[in-house]
Amino acid sequence: PRGANVSGKSKAVYRVTVEIAPESEQAWVRWQTDEHIPAVVEQPGFLGATLWKDRERAADGWARYVIHYRSESLAAIEAYRASPAAAHLRDDHTKKYGKVTRITRGVLGEPVFIGPQD
């Protein structure tokens with residue numbers, strides 16, 4: 001469910017950073033939140049996602065967003081990245097927004113949580 005805190009169960013994060021041309025930003029954000037991100041988190045092994053807007057723009061003025069797809073394991077992310085579903089979702093993004101976005105992807109693992117010391 002939206003808003004649920006899943007980070008405690010997450011053992012890995014699939015990080016997607018997207019820079020988007022200003023004239024396409026609003027439509028892209030709407031499409032991401034309504035269609036694309038929900039389609040990714042429906043895939044096996046995902047627990048949820050957070051879409052972050054970077055407070056600083058790219059040097060050329062493009063907006064920057066970072067999506068953290070939380071997953072139950074590194075293996076689940078790797079299985080997703082190799083899947084036909086992932087290829088289809090990447091192709092769909094390229095067709096719709098390929099000319100107005102720059103994307104980098106990465107996988108974060110081995111989380112260590114450090115909280116405030118009382």
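**Exercise 1. Find the volume of the largest cavity in this predicted model, then work out what lines it.**

Solution. Start with the count: the search turns up 1 cavity of 30 Å³ or more. The largest cavity has a volume of about 160 Å³. The model you are looking at is predicted, not experimental.

Next, look at the walls. The lining has 16 residues, and V16, H36, Y69, R90 and R105 are the closest to the centre of the cavity. Now sort the lining by class: 11 residues are nonpolar, 3 are polar and 2 are charged. Finally, ask which elements contribute. At least two lining residues come from each of β1, α1, β3, α3 and β4.

**Exercise 2. Work out which residues of the largest nonpolar core touch the most other members, and which elements supply the core.**

Solution. This core has 23 residues, and the ones touching the most other members are Y14, I20, F46, Y69 and Y80. Then go element by element: β1 (12-20), α1 (25-41), β3 (63-71), α2 (74-81) and α3 (84-97) each bring at least two residues to the core. Of the contributors, β1 gives the most, with 5 residues.

Now zoom in on Y14. Skip its neighbours within four places in sequence, and Y14 is still in contact with F46, I67, H68, Y69, I77, Y80, R81, R105, G106 and V107.

**Exercise 3. Trace helix α1: find where α1 bends, which of its residues are buried, and what covers them.**

Solution. Follow the helix to Q32, where α1 bends by about 50°. Q32 is also one of the buried residues of α1, along with E25, W28, W31, H36, I37 and V40. As for the cover over these buried residues, it includes β1, β2 (46-53), β3, α2, α3 and β4 (101-109).

**Exercise 4. Decide whether V41 is buried, partly exposed or exposed, then describe its surroundings.**

Solution. First, place the residue: V41 sits in helix α1. Next, take its relative accessibility, which is 26%. Buried would need a value under 20%, and exposed a value over 50%. V41 therefore counts as partly exposed, because its value is 26%.

Now look for contacts. Leaving out residues up to four places away in sequence, V41 touches F46, G48, A49 and Y69. Two of these partners, F46 and Y69, have already come up among the core residues that touch the most other members.

To finish, check a distance: how far apart are V41 and E23, in sequence and in space? They are 18 residues apart along the chain, and their C-alpha atoms are 27 Å apart.

Terms used. Residues are numbered from 1 along each chain as its sequence is written. This is a predicted model: local features need pLDDT of at least 70, side-chain atom pairs count only at pLDDT 80 or more; totals for chains, interfaces and linings use all residues. Side-chain values use heavy atoms; hydrogens and water are left out. A nonpolar core is a set of buried Ala, Val, Leu, Ile, Met, Phe, Trp, Tyr and Cys residues joined through side-chain atoms within 4.5 Å. Buried means under 20% relative accessible area, exposed over 50%, partly exposed in between (1.4 Å probe, protein chains only). Helices (H or I, at least four residues) and strands (E, at least two) are DSSP runs, numbered from the N terminus. Contact means heavy atoms within 4.5 Å. The bend at a residue is the angle between axes fitted to the seven residues ending there and the seven starting there. On a 1 Å grid over the protein atoms alone, a cavity is a set of points where a 1.4 Å probe fits but cannot get out, and a pocket is an open set with protein on both sides within 12 Å along at least five of seven lines; lining residues have an atom within 4 Å of a point. Grid points are joined across faces, edges and corners, and a volume is the space filled by probe spheres set on the points. Ala, Val, Leu, Ile, Met, Phe, Trp, Tyr, Cys and Pro count as nonpolar, Asp, Glu, Lys and Arg as charged, and the others, Gly among them, as polar.
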